[in-house]
Each structure stands twice: as C-alpha cells, then as structure tokens.
Amino acid sequence: MAIATAHAKVILAGEHAVVYGHPAVAMPVCSLSCEVGIVDSPDGLTSFVADAYPGRFLAGAHEEHPLSFLEDLLGWLFRDELPRWGVELAGPPPLSISVRSEIPIGAGMGSSAAILVAATRALFGHYGITPPASEIQRLAHAAEMGVHGRSSGLDVAAAVHSAPVLFTTGEPAVSLSIGAPFDLLVARSGVQSLTRKVVLDVLERRKREPALIDGLFTQMGGIARNLGEAIADGNLSGMGRLMNRNQELLADLGVSSLDLDRLVAAAQEAGALGAKLTGAGRGGCIVALAEPVLVATIREALREAGAVEVHEYHVDPQVVAGNVARDPVMRVGGCSGQPRPQRVE
Ligand code: MEV
C-alpha cells in the first residue's frame with residue numbers, strides 16, 4: 001500500500017506565455033493538497049474512487065470516466081516506465097486507487113497536475129521505489145500533456161516544489177528566494193476554467209495574429225523575470241505593479257472574463273498592491289497581493305464582488321531547515337516548507 005500527496009499552485013506571472021517558451025512564476029500552495037492511495041485490489045478488479053465523484057470506476061470498461069486520465073497514466077507507467085526501475089510484470093496487476101483532494105477542480109490551481117504527481121509518487125511507492133523529484137516531474141508532465149493537450153509543465157513543477165519557482169519549459173525550475181514576507185488572497189469566481197479549451201483557443205488566435213500574440217507573450221515573459229527579482233528583493237510594490245500589468249496583457253490575450261475583471265478590480269480598489277487572474281483564465285481564480293493590514297478589507301471586497309471562496313496565504317521567508325532561499329513557510333496556509341511526506345506501507 002502507498003499513499004502520496006501533492007499540492008496546489010497559483011501562477012503569479014507568465015501563464016500562457018510559458019506554453020511558448022517564456023518564463024513564468026508559480027507559487028506552491030502547500031495548504032491545499034490532494035492524496036492518492038494505491039492498494040492491491042481485494043476483488044481482482046482495478047478501480048478508481050474519488051471524493052469529488054460518486055461511485056467506483058472500473059478500469060478497462062472502455063468508457064470515459066472522470067478519472068480516465070489516471071487510468072491512462074497507470075497503464076503507461078506499467079508499460080514503459082516501471083520496467084526501467086526493475087518492476088517487470090506480465091501485465092498491470094489489479095489495484096484500488098483512491099483520490100482525496102482539497103484542490104478545487106477547474107479553478108486554475110493545478111488540481112489535475114497535483115493528482116498526477118501524487119498518483120505517480122504513489123504507484124512508485126507501491127513498489128518501494130522513490131524516484132527523484134525531477135523524474136516524478138518528467139513523468140507527471142508527460143501525462144499532463146495527455147490531459148491538457150499542450151502543457152508547459154509549470155503546474156507539475158509547482159506541485160513538486162515547496163518554494164516559488166521561476167520556470168521555463170525544458171529547463172530545471174529555479175527556486176526563488178523571498179526578500180520579504182507577503183500576503184496573497186486567492187479568490188474563486190465559481191466559474192470553471194477549462195484549461196485545455198482556453199489553451200487551444202490561444203493557440204488558434206496565435207495562428208491568426210502571430211505578431212500581436214507573440215508580442216504579448218514576450219512582455220509577459222519579461223514580467224515573470226522581473227517578478228522573480230522583485231520577490232527576491234522584497235519589493236512588494238514592484239511585485240504588485242507587475243501583477244497588474246500582467247493582468248492587462250492577459251485581458252488583451254482574451255483569457256480574462258467579466259467575473260475575473262470584477263474580482264481583480266474589487267481587490268485593486270480595496271488596496272491590493274496587485275491582482276490578476278491565475279491559471280488558464282475565463283474562470284477559476286484571481287490572486288491578489290496585499291499588505292497584511294489590508295487582508296481583511298480585501299477579503300471582504302472580494303466576497304462582495306462575488307467570490308465564492310477566498311483563501312489567504314502568508315508567505316514568509318523564515319528559515320525552516322536553515323535555508324532561507326529554498327524553504328519559505330506559508331504560516332497561515334500551514335505549509336511546512338517541504339512537501340508533505342509520502343507514506344509507504
Ligand atoms: C495553466 O495552469 C497554465 C497555462 O499556462 C498552461 C500551461 O502552462 O501548460 C495556461
């Protein structure tokens with residue numbers, strides 16, 4: 001039996017542009033996590049259950065079910081990847097797979113990436129193997145391409161790191177140091193963000209207007225780089241300005257929405273240093289940067305503007321294990337600065 005976890009993320013700059021080779025900044029949200037458990041099946045059938053969906057889904061039933069992406073992942077790992085680690089089986093053995101997740105689905109908080117990371121960790125854990133994080137990241141990213149069609153790997157990178165990262169596809173994620181504590185509010189619009197569809201729409205628009213869209217992406221990539229520096233310098237007002245500018249560019253790209261615009265405006269008017277949508281957009285969440293003294297005011301404004309949920313994170317560079325740069329503590333969010341431990345029995 002193995003149980004493994006992974007956490008959510010918010011993107012502070014560079015979503016969409018990152019799919020086209022530009023950098024982006026993502027912040028792990030360790031206090032919102034998912035857990036995948038894998039046990040040998042007691043009845044000889046491979047099945048999936050999840051707290052988000054009623055019922056038990058059987059593998060190989062030739063029907064799409066909400067956890068089909070996990071079935072595909074496990075089938076592929078058994079066929080192509082586990083043998084490389086010495087696990088040679090005649091065929092996939094019957095397993096019971098359970099998923100519990102606190103990460104809202106379709107909210108742009110990396111729910112599917114986190115489940116893929118946790119499931120990959122759990123399957124290897126089931127066979128007593130603990131691959132390095134880079135390998136888990138590679139495998140979960142490959143699987144995510146199947147889920148989202150086209151994916152930069154940013155969500156998966158954030159799900160395996162405990163520090164904010166500056167990420168460019170194909171390069172190792174750079175853990176960012178945090179120059180000063182800051183507060184984030186993540187407000188959910190209640191409208192689903194369909195990453196696969198929005199990413200495809202952007203792809204189509206780029207085909208029609210390549211110069212315009214690439215110009216937006218170049219600016220977004222520059223913002224992500226500058227934001228990484230502003231985070232390291234503890235320059236909160238600079239961070240806020242960059243987030244606001246990123247939101248304008250995302251709106252020009254066509255991935256904001258009336259709901260998201262309303263939440264962004266409410267946060268800004270209530271005194272947020274910066275606010276923007278986070279994730280693929282057209283729904284999902286916005287993220288606002290706040291000075292501690294204004295967190296309650298901004299939370300109230302977001303609720304009044306229609307947010308169905310508001311999460312707050314205090315991001316603090318304090319030392320957990322003697323490493324200021326790599327182990328931020330999200331106190332309010334309850335992040336220990338490290339991924340939660342994997343339990344293998
Ligand atoms: C989705 O959370 C972020 C996007 O940039 C897609 C990706 O990076 O694969 C929209």
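Modeller: Buried area, as used here, is the accessible area (1.4 Å probe) that two parts lose on being put together, summed over both. By that reckoning, domain 1 and domain 2 bury about 3200 Å² between them, 68% of it on carbon and sulfur atoms. Mind that this is a predicted model, where local features need pLDDT of at least 70, side-chain atom pairs count only at pLDDT 80 or more, and totals for chains, interfaces and linings use all residues. Residues are numbered from 1 along each chain as its sequence is written, and side-chain values use heavy atoms, with hydrogens and water left out.

Biologist: Fine. Where do domain 1 and domain 2 come from?

Modeller: From a domain assignment, automatic or from a database. Domain 1 is 2-173 + 323-343, and domain 2 is 178-315. As for contact (heavy atoms within 4.5 Å), 36 residues from domain 1 and 44 residues from domain 2 take part.

Biologist: Which residues of domain 1 lose the most area to domain 2?

Modeller: L12, H16 and Y20, together 22% of what that side buries.

Biologist: What makes E15 and K276 a salt bridge?

Modeller: The rule wants a side-chain nitrogen of Lys or Arg within 4 Å of a carboxyl oxygen of Asp or Glu. E15 and K276 come to 2.8 Å, N to O, so the pair passes the 4 Å limit. Across the interface of the two domains the rule finds one salt bridge.

Biologist: And why is K9 with D155 called a salt bridge?

Modeller: Same test: the closest N and O atoms are 3.2 Å apart, so this pair falls within 4 Å too. K9 sits in strand β1 and D155 in helix α4 (residues 154-160), 146 residues apart; helices (H or I, at least four residues) and strands (E, at least two) are DSSP runs, numbered from the N terminus.

Biologist: How do you know that K9 is around the ligand?

Modeller: Being near a molecule takes a heavy atom within 4 Å of it. A polar side-chain atom of K9 lies 3.1 Å from an oxygen atom of the ligand, so K9 qualifies. The residues around the ligand also include E15, H16 and D155.

Biologist: What makes H16 a polar contact of the ligand?

Modeller: A polar contact is a pair of N or O atoms within 3.5 Å; within protein, one must be able to donate a hydrogen and the other to accept it, and residues adjacent in sequence count only if both atoms are side-chain atoms. A polar backbone atom of H16 is 2.9 Å from a ligand oxygen, so the distance fits the 3.5 Å limit. For D155, a polar side-chain atom lies 3.0 Å from an oxygen atom of the ligand.
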